[in-house]
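User: I am new to this structure and should be grateful for a close look at a single part of it, namely the protein surface beside one of the DNA strands. Please describe that part in a connected account, and then place it in its wider setting.

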Number of protein chains: 4
Amino acid sequence: MRADAKRNRAKILAAAEEVFVAAGSDASTEEVARRAGVAIGTVFRHFPTKNDLLAAIMKELADRLAGEAETLAAEGDPATALFTFFAGVVEQAAGRKTVVELLDVDIRVDSQLQTMRDAIGALLTRAQQAGAVRAGVRLDEVMALLTATSAGALRAGWDRDLRTRTLDVVFAGLRPR
Amino acid sequence: MRADAKRNRAKILAAAEEVFVAAGSDASTEEVARRAGVAIGTVFRHFPTKNDLLAAIMKELADRLAGEAETLAAEGDPATALFTFFAGVVEQAAGRKTVVELLDVDIRVDSQLQTMRDAIGALLTRAQQAGAVRAGVRLDEVMALLTATSAGALRAGWDRDLRTRTLDVVFAGLRPR
Amino acid sequence: MRADAKRNRAKILAAAEEVFVAAGSDASTEEVARRAGVAIGTVFRHFPTKNDLLAAIMKELADRLAGEAETLAAEGDPATALFTFFAGVVEQAAGRKTVVELLDVDIRVDSQLQTMRDAIGALLTRAQQAGAVRAGVRLDEVMALLTATSAGALRAGWDRDLRTRTLDVVFAGLRPR
Amino acid sequence: MRADAKRNRAKILAAAEEVFVAAGSDASTEEVARRAGVAIGTVFRHFPTKNDLLAAIMKELADRLAGEAETLAAEGDPATALFTFFAGVVEQAAGRKTVVELLDVDIRVDSQLQTMRDAIGALLTRAQQAGAVRAGVRLDEVMALLTATSAGALRAGWDRDLRTRTLDVVFAGLRPR
DNA sequence: TATGAATGAGGATTCATTCAT
DNA sequence: CATGAATGAATCCTCATTCAT
């Protein structure tokens with residue numbers, strides 16, 4: 001791929017994230033093109049269908065989150081890393097920096113997203129080994145809570161205080177009694 | 001309003017709930033009319049815009065939930081009523097019996113929904129008085145968790161086991177240490 | 001169907017015939033709407049896809065031709081009726097009064113067009129019984145020649161003289177030696 | 001023109017014939033480029049518009065047919081050469097080996113195609129001199145019948161038997177009584 | 001009031017053509 | 001000269017909304 005094409009691809013992805021986060025996944029592809037500063041044809045050259053574009057955003061997001069989770073698993077304090085990660089994701093959602101709406105679609109099914117699940121799974125295991133999370137908790141419900149609260153923060157527009165208080169409850173629920 | 005008009009209004013609301021729950025809020029108004037057995041013009045006579053129709057469904061839902069909450073507040077065990085209610089809402093969402101997607105839109109703003117908030121607030125207060133919920137927990141985060149988990153159950157299609165395990169965490173987080 | 005709707009349907013069909021004959025079957029549906037004096041949505045309400053519209057024109061044409069053939073079979077001179085009909089079809093094609101382009105699509109397959117085939121078959125049989133057409137000639141090649149010459153007259157714009165001379169050859173080929 | 005450019009031109013023409021015959025003349029130029037193994041820009045460098053490309057194919061076809069006709073005129077039996085040529089063209093059309101769709105566009109107008117007309121004219125003259133074709137038959141209707149039956153064989157997909165029977169009628173019509 | 005036909009803006013997608021690399 | 005990315009007009013189709021019947 002040529003340099004300018006790669007640059008455009010990135011611009012389109014960035015614009016798409018903004019647009020779809022702001023207006024939901026039925027915002028128009030035209031709007032994405034406008035925000036990216038390219039013609040509509042360019043969007044479709046890079047992503048042959050609108051769905052491909054949405055999938056690409058999802059993949060990007062999953063990769064980014066997986067990276068963050070892996071870093072924390074490698075470097076962070078096992079007792080707090082999961083909570084740090086969790087809060088960070090919700091924070092990003094609230095800041096419209098990510099596309100949480102897409103998180104709850106097929107997240108357990110799509111093999112492309114397995115990496116992210118694995119990374120978060122590692123955080124969970126380490127937190128449990130450190131005694132920071134109850135042994136009975138499984139990855140499934142952690143993912144469920146993560147997507148649910150991220151989506152809430154994003155769509156319902158929870159303010160900072162509400163986010164904190166809500167996560168307090170969730171984290172308390174995860175900790176051993 | 002004439003009797004047949006009132007009957008039509010009810011038919012339309014019922015059809016709209018079915019349709020929007022089944023196909024998301026961008027199902028067509030035509031589809032609602034078809035399911036209700038009326039012509040499209042009749043739908044728009046009762047609800048001048050599609051948004052009005054969605055709002056009416058939301059109101060209906062809020063009223064129904066408020067009723068359930070009030071009943072539980074009046075008759076239920078203060079220590080468990082909130083949890084019972086909470087689980088019931090999530091269960092309805094999972095069973096597509098309600099329109100949770102709409103719950104997180106303006107739920108604190110819309111004065112029409114105040115009643116529901118109040119009813120749930122009463123459940124919370126009583127649970128705290130009974131020592132079943134930590135004193136520091138506020139209604140805002142309870143609502144946040146309720147909408148977030150309901151939406152998750154609905155959209156992401158959590159199965160019964162996952163719903164239970166997820167709510168276990170939330171409820172543990174609400175209880176005193 | 002309401003009276004105005006029926007009127008519009010007819011206007012659309014007429015416009016479509018004109019447009020598709022003039023510009024080929026990839027003329028735009030917009031153009032048809034414009035020519036019919038209705039909005040684009042009206043065209044699609046009557047014919048949900050462009051293909052449905054093309055099919056409807058074809059059906060209309062087939063019905064009209066079947067009617068003409070039946071009339072001639074009932075009333076005309078057996079020895080000349082087939083030739084009269086044949087020449088009439090080619091003449092209509094030349095006058096852009098019909099949509100010959102569509103004739104050669106699936107004409108033997110589509111059951112809706114069977115009627116027309118049958119009517120022309122009757123003409124052929126009677127012509128053979130009257131000794132005006134060789135016994136060995138089958139309906140298939142008559143249809144083939146009919147569509148081929150009609151399409152030629154339409155698309156290649158044969159003038160009157162050329163049409164006559166071309167049909168002279170064909171008719172001579174059909175007659176007994 | 002450089003050697004590689006000439007080679008590209010040929011590759012493009014060959015690919016275009018394949019593509020347009022297979023998918024009709026509204027196949028995309030991209031598809032032609034892909035089949036030719038060149039970039040889209042190269043196609044447009046050689047043929048500034050899609051129409052130019054179609055015209056070039058037509059010219060090629062006309063030249064090839066003219067060649068065949070000339071060979072037959074020089075070497076063949078005058079009494080059968082025209083029929084042989086005629087049947088050969090229809091056969092090629094049926095075998096998708098040529099682009100008959102284009103034959104009926106401006107075939108009398110375009111001076112580039114005069115050669116082909118002349119060659120077929122020679123076949124006709126010789127056939128008439130040999131007494132194999134009626135004296136009154138003119139080149140125009142022979143061309144008309146040729147294009148009409150070729151187009152029919154191509155587009156309507158006449159099978160071998162139907163082609164034979166149809167040409168039998170045409171040839172009978174051309175012969176003296 | 002109910003009906004359902006008409007409207008027309010909007011949206012996804014395609015493709016001939018241009019032009020920077 | 002070749003490449004292939006970018007352009008943007010054009011096309012099919014959908015759907016909220018209006019309005020004649």
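Analyst: In this predicted model, DNA strand F is surrounded by 37 residues, and the closest of them are A:Asn8, A:Thr42, A:Arg45, C:Lys50 and D:Thr42. By class, this surface consists of 15 nonpolar, 14 polar and eight charged residues.

Which helices supply at least two residues each to the surface near DNA strand F? From chain A and from chain D, helix 1 (3–23) and helix 3 (40–46) do so. Chain B and chain C each take part through helix 3 (40–46).

The strand's own atoms may be considered next. Among the atoms of DNA strand F within 4 Å of the protein, 66% are part of sugar or phosphate, while the rest belong to bases. Individual contacts with phosphate can be named. A:Thr42 places a polar side-chain atom 2.6 Å from a phosphate oxygen of DNA strand F. For D:Thr42, an N or O atom of the side chain is likewise 2.6 Å from a phosphate oxygen of this strand. A:His46 also has a polar side-chain atom beside a phosphate oxygen of DNA strand F, at 3.0 Å. Both A:Thr42 and D:Thr42 thus appear among the closest residues to the strand.

The wider setting begins with chain A. Chain A contains eight helices and zero strands, so its elements, read from the N terminus, are α-α-α-α-α-α-α-α. Of its 177 residues, 49% are buried. Among contacts in chain A that join residues at least 6 apart in sequence, 71% link residues at least 24 apart.

Chains C and D also meet one another. D:Val169 lies in helix 8 (residues 160–174) of chain D. Leaving aside residues up to four places away in sequence, D:Val169 touches C:Arg134, C:Val137, C:Glu141, C:Leu145, C:Val170, C:Gly173 and C:Leu174. D:Val169 counts as buried because its relative accessible area is 2%, which is under the 20% cut-off.

Empty space within the protein completes the account. Across the whole structure, a search finds five cavities of 30 Å³ or more. The second largest has a volume of about 50 Å³. Its lining is formed by C:Ala172, C:Gly173, C:Arg175, C:Pro176 and C:Arg177 from chain C, together with D:Ala172, D:Arg175 and D:Arg177 from chain D. These lining residues comprise three nonpolar, one polar and four charged. C:Gly173 belongs to this lining and is also one of the residues touched by D:Val169.

Key:
Residues numbered from 1 in each chain as written. Chains lettered and ligands numbered in written order. Predicted model: local features only at pLDDT ≥ 70, side-chain atom pairs only at ≥ 80, totals over all residues. Heavy atoms only, no water. 1 Å grid on protein atoms, 1.4 Å probe; cavity = no way out; pocket = protein on both sides within 12 Å on 5 of 7 lines; lining within 4 Å. Points joined across faces, edges and corners; volume = space filled by probe spheres on them. Nonpolar A, V, L, I, M, F, W, Y, C, P; charged D, E, K, R; others polar. Near = heavy atom within 4 Å. Polar contact = N/O pair within 3.5 Å; in protein donor to acceptor, adjacent residues only side chain to side chain. Helix = DSSP H or I, 4+ residues; strand = E, 2+ residues; numbered from the N terminus. Buried < 20%, exposed > 50% of the residue type's maximum accessible area, 1.4 Å probe, protein only. Contact = heavy atoms within 4.5 Å.
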